[in-house]
Amino acid sequence: MPTKHLRPDLALYLVTDSGLVPEGKDFVEHVKDAIRGGVTIVQLREKKLNTRAFIELGRKVHTVTKAAGIPLLINDRVDVALAIGCEGVHIGWSDCTYADARRMLGTGKIIGVSVSNVEQANLAAETGCDYIGVGPIYATGTKPDHNPPLGTTGARALLEHICTLPGPSGNWGRDVPAVAIGGINLNNIYYVMHQSVSPASPARKHLAGVAVVSAIMAASDACESSKVLRKLVDEVPPFAERQHGQFITGVDFSENFISVLAKVVTARPMVHHITNNVVKNFSANVTLAIGASPIMSEEISEVGDLANHGGALVLNMGTAGKDAQPLFLAAMRAANARGNPVVFDPVGAGATPARLQFSHLIVSSGFCDVIKGNESEIRAVYGDSSVQQRGVDSAHNEAADPLDRIRIAKALALRERNIVVMTGVVDIVTDGVSIFKLSDGSHYQARVTGTGCSLGSIIAACMVVNKERKLTAVVAAVCAYNAAARVAAERKDTRGPGSWHVNFMDTLFELRQTANPLLERTPEGKRWWELLYERADRILV
């Protein structure tokens with residue numbers, strides 16, 4: 001006879017560790033405070049206690065959890081759970097087997113199982129357990145012998161596999177609640193909840209919650225920490241702005257592009273740049289030319305204050321070393337917390353192991369609304385191990401397999417739930433669903449340092465005032481930038497890269513003027529907008 005499954009509330013799952021409780025705090029009162037703050041289930045995990053002490057502590061904690069009406073589970077020890085009479089256990093693959101635990105506990109108790117890989121997921125499906133703990137998501141010191149971290153990418157893939165597993169009931173994989181565990185804290189909880197599910201996947205499976213240890217157990221105020229964590233679990237992340245319908249036709253291109261650039265001119269949004277030393281001046285001038293306000297700050301103590309202005313953030317790792325990583329992470333987290341768009345340029349990601357590691361750290365530690373790079377850089381971020389760049393230039397011939405370029409860009413956008421801009425002779429812009437090929441621009445862009453990096457500035461400026469239509473904003477930004485490059489190259493006084501550079505800035509400024517809603521749009525200005533979208537194609541792949 002199949003077990004009747006219990007479905008506990010896993011929204012905020014506390015795993016205890018008495019060794020982390022601040023000095024002077026009582027362990028049981030600390031757990032009680034955490035429950036008052038919003039913890040929905042408690043797992044007592046105390047590896048260093050002998051059996052008698054474990055049972056005594058368990059009874060005290062169970063008194064608290066029963067009074068609050070939430071379940072208490074015991075880690076590993078079925079005998080302790082039986083002695084206490086609590087609601088169940090959580091077991092791993094080196095502990096008591098599920099069959100033995102179920103036989104001893106009976107059908108009215110909760111049994112959760114740890115899942116770190118596909119093999120364990122398949123075994124868990126055979127048991128038909130009541131819930132699964134997926135992880136570790138990140139490395140954690142509270143369990144030194146943990147399996148290799150999954151990251152949100154690995155967790156998403158594992159959850160999609162679990163969703164397909166029938167189990168004893170036929171729909172077990174789809175229905176079984178899953179809680180993420182391992183290194184989860186205030187800084188990454190938004191990202192874990194958002195990035196661990198792919199909305200475009202037919203086998204998508206959402207997390208039911210997160211399990212935390214030190215974020216609560218080591219907190220000076222367990223109640224307040226739990227309140228904050230529970231709020232982060234329950235709400236939609238600020239950076240996950242709901243997107244309205246995106247444009248499809250050429251006519252829509254024109255009207256939307258005018259709207260996007262006009263908002264930049266009227267709002268004059270701030271764009272915070274943490275960029276490479278080679279392009280700072282160029283990027284600042286591009287930002288000014290289109291009507292936005294640049295700030296080039298690398299002071300970690302002010303990233304929160306700058307984010308409070310509600311602008312956008314450009315992260316460019318061109319000349320950044322390992323010492324810059326804390327700055328990048330702090331700025332990204334501040335922007336994410338306020339819903340400010342983040343544009344990440346993984347310059348030279350495929351050139352050295354250090355750059356590759358840096359790019360993966362950024363992408364796995366927060367949300368980047370846009371990842372912009374050449375083909376080799378995008379492939380490196382996606383995880384193509386064959387990439388080997390020479391410096392910052394792309395090592396790929398985009399004409400060799402244009403459909404493969406699109407496949408990689410689309411796959412990365414789907415994986416990260418963001419927008420990918422793959423630059424080249426033909427630029428690819430995609431959110432994983434809609435795909436645009438943009439064939440405009442000038443050969444001078446490859447002959448003037450900083451043109452590729454500074455594209456991120458106009459993308460950021462357009463996105464921050466069009467958060468509800470991010471893809472529209474990005475396509476408009478890329479088209480405007482490249483059309484300006486082409487028009488500048490066609491000017492009679494453009495004789496080479498130097499004169500083109502000057503004319504390019506002037507052309508961007510003219511574009512800004514034609515977008516100004518306070519100025520009458522001339523026939524020449526109207527022609528500008530036709531130029532912008534005439535080489536933009538939406539494709540279906």
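## A tour that starts at valine 271

Select valine 271 and proline 294: the two are bridge partners, with proline 294 sitting in β10. Keep in mind as you click around that this is a predicted model.

Now follow the backbone between those two strands. The route leaves β9, passes through α12 and arrives in β10, making a right-handed β-α-β crossover. β9 and β10 run parallel, and four bridges join them.

Next, stay on valine 271 and look for its other neighbour. Opposite valine 271 stands alanine 312, in β11. That strand covers residues 312-316, runs parallel to β9 and is joined to β9 by four bridges.

Which way do the side chains of β9 point? Show Met270, His272 and Ile274 as sticks and you'll see them heading one way, while Val271 and His273 go the other way. Colour by accessibility and the strand, residues 270-274, turns out mostly covered: five of its five residues are buried.

**Stop two: the end of the crossover helix**

Pick lysine 280 and glutamate 298. Their side chains form a salt bridge, at 2.9 Å from N to O. Lysine 280 belongs to helix α12 (residues 280-289), whereas glutamate 298 is in the loop between β10 (293-296) and α13 (303-307), so this pair ties together parts that lie 18 residues apart in sequence. Are the two partners buried or exposed? Neither label quite fits: lysine 280 is partly exposed at 24% relative accessible area, and glutamate 298 is partly exposed at 42%.

**Stop three: a buried pair**

Jump to aspartate 345 and lysine 372, whose side chains meet in a salt bridge of 2.8 Å, N to O. Here the link is between distant parts of the chain, with aspartate 345 in strand β12 (residues 342-345) and lysine 372 in strand β13 (residues 370-374), 27 residues apart. Both aspartate 345 and lysine 372 are buried.

While you're in the mood for charges, select Glu375, Arg379, Asp384, Asp404, Arg405 and Arg407 together: salt bridges with shared partners join these residues into one network.

**Stop four: arginine 77 and aspartate 79**

Another pair to select is arginine 77 with aspartate 79, a salt bridge whose closest N and O atoms are 2.9 Å apart. Aspartate 79 is partly exposed, with 39% relative accessibility. Arginine 77 is partly exposed too, at 25%. How many salt bridges does a search of the whole structure find? The count is 20.

**Stop five: the cysteines**

Select cysteine 163 and then cysteine 223. Cysteine 163 has 16% relative accessibility, so it counts as buried, the cut-off being under 20%. Cysteine 223 is buried as well, at 7%. If you go hunting for disulfides, you'll come back empty-handed: a search of the whole structure finds zero.

**Zoom out**

Finally, deselect everything and switch to cartoon view. The protein chain has 21 helices and 17 strands. Of its 541 residues, 55% are buried. Draw a contact map if you like: among contacts with a separation of 6 or more, 69% are between residues 24 or more positions apart. Then turn on the surface, where the accessible area of the chain comes to about 22,400 Å² and carbon and sulfur atoms hold 52% of it.

Conventions. Residues numbered from 1 in each chain as written. Predicted model: local features only at pLDDT ≥ 70, side-chain atom pairs only at ≥ 80, totals over all residues. Heavy atoms only, no water. Buried < 20%, exposed > 50% of the residue type's maximum accessible area, 1.4 Å probe, protein only. Contact = heavy atoms within 4.5 Å. Areas by Shrake-Rupley, 256 points an atom, 1.4 Å probe, with all protein chains shown as cover. Disulfide = S-S within 2.5 Å. Salt bridge = Lys/Arg side-chain N within 4 Å of Asp/Glu carboxyl O. Pairing = 2+ DSSP bridges. Right-handed = clockwise from strand over helix to strand, strands pointing away.
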